[in-house]
Amino acid sequence: MEMMQGASLLSRPADEFGNDSLVEEMWASKALEHAEVHFNLITSVHPSLLKLTPYDDQIYATFRQDFPDLEVGRLSDDILKSAVEKLKWRQFAEKFNKMDDYSYGTLMRADASKEFSPDNSIFVFRVQFLAIEIARNREGLNDEVHKKHKPARKIPEEAQ
């Protein structure tokens, strides 16, 4: 019940809250949960086979059109959040404003070859996360973390 109330609260316009610490904690919790689910996905299923949204092809094509030289393997706030880059990302995001949650905040790994950690996390908005992670999947940059953290295969009992 409490989770449902929290989800309902998070769907309200942000300007209603100011700097409410409870709302910030709920957003951080939701972002962390999303990051963990995504990491479990890329370590369980080969990243090249993942489809994160029905719009992956469009997101990727638009991303590489707008950011042809962005190397997505290792990113930082400096690379993503300079004044010039913020404007470019805002224009990119508006192309996907019909998507649910396109501007929600989420956590992304800064270095694609490493797992999530406080030192390897950047706070980005959802469509930015999707564009970068789709590129990482298609360009083979999530393959290393998939190999390193792939769950061990279970041996059927009758084979033992």
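Is Asp 101 buried, partly exposed or exposed? In this predicted model, Asp 101 has a relative accessibility of 32% and therefore counts as partly exposed. Burial would require a value under 20%, and exposure one over 50%. Asp 101 sits in the loop that joins helix 5 to strand 1. Its phi is positive, about 65°, although the residue is not a glycine.

The loop between helix 5 and strand 1 also holds Met 99. Met 99 has a relative accessibility of 12%, so it counts as buried. Beyond its neighbours within four places in sequence, Met 99 is in contact with Thr 53, Tyr 55, Ile 59, Val 127 and Leu 130. Of these partners, Ile 59 is a buried residue of helix 3. Val 127 and Leu 130 are buried residues of helix 6. Thr 53 is 46 residues away from Met 99 along the chain, and the two C-alpha atoms are separated by 9.8 Å.

The chain as a whole contains seven helices and two strands. Their order along the sequence is α-α-α-α-α-β-β-α-α. Of the 160 residues, 35% are buried. The exposed surface of the chain comes to about 10,300 Å², and carbon and sulfur atoms supply 52% of that area. Among contacts with a separation of 6 or more, 67% join residues 24 or more positions apart.

Confidence varies along the chain. The mean pLDDT is 82, and 79% of the residues score at least 70. Among the elements, helix 3 (residues 56–66) has the highest mean, 97, and helix 1 (residues 2–10) the lowest, 46. Over residues 1–10, pLDDT stays under 50. For this stretch the model has nine contacts beyond four places in sequence.

Helix 3 has several buried positions. Asp 56, Ile 59, Thr 62, Phe 63 and Arg 64 are buried there. These buried residues pack against helix 5 and helix 6. Thr 62 lies in helix 3. With 13% relative accessibility, Thr 62 counts as buried. Leaving aside neighbours within four places in sequence, Thr 62 is in contact with Phe 92, Lys 95 and Phe 96. Phe 92 is itself a buried residue of helix 5.

Helix 5 spans residues 83–94 and has twelve residues. Its first and last C-alpha atoms are 17 Å apart, close to the 16 Å expected at 1.5 Å a residue. The buried residues in helix 5 are Glu 85, Trp 89, Phe 92 and Ala 93. Viewed down the axis of helix 5, the buried residues fall within an arc of 95°, so they line one face of the helix. An α-helix has 3.6 residues a turn, so residues three or four places apart point the same way. On the other side of helix 5, Ala 83 and Val 84 are exposed. The buried residues of helix 5 pack against helix 3, helix 4 (77–80), strand 2 and helix 6.

The two strands pair with each other. Strand 1 and strand 2 (residues 121–125) run in the antiparallel sense and share five bridges. Gly 105 has Phe 125 of strand 2 as its bridge partner. Arg 109 stands opposite Ser 121 in strand 2. Strand 1 covers residues 105–109, and four of its five residues are buried, so the strand is largely enclosed by the rest of the structure.

Strand 2 shows two faces. In a regular strand the side chains alternate between the two faces of the sheet. Ile 122 and Val 124 point to one face of strand 2 and are buried. Ser 121, Phe 123 and Phe 125 point to the other face and are not buried.

Helix 6 covers residues 126–138. It has 13 residues and reaches 18 Å from its first C-alpha to its last, close to the 18 Å expected at 1.5 Å a residue. Eleven of the 13 residues of helix 6 are buried, so the helix is largely enclosed by the rest of the structure. The buried residues of helix 6 include Gln 128, Phe 129, Glu 133, Arg 136 and Asn 137. Helix 6 is followed by Gly 140, which has a positive phi near 80°.

Methods: Residues are numbered from 1 along each chain as its sequence is written. Side-chain values use heavy atoms; hydrogens and water are left out. Buried means under 20% relative accessible area, exposed over 50%, partly exposed in between (1.4 Å probe, protein chains only). Two strands pair if DSSP finds at least two bridges between them. pLDDT is the predictor's confidence in each residue, from 0 to 100. Contact means heavy atoms within 4.5 Å. The expected span of a helix is 1.5 Å times one less than its number of residues. The arc is that of the directions from the helix axis to the C-beta atoms. Accessible areas come from the Shrake-Rupley method with a 1.4 Å probe; for residues, only the protein chains shown count as cover.
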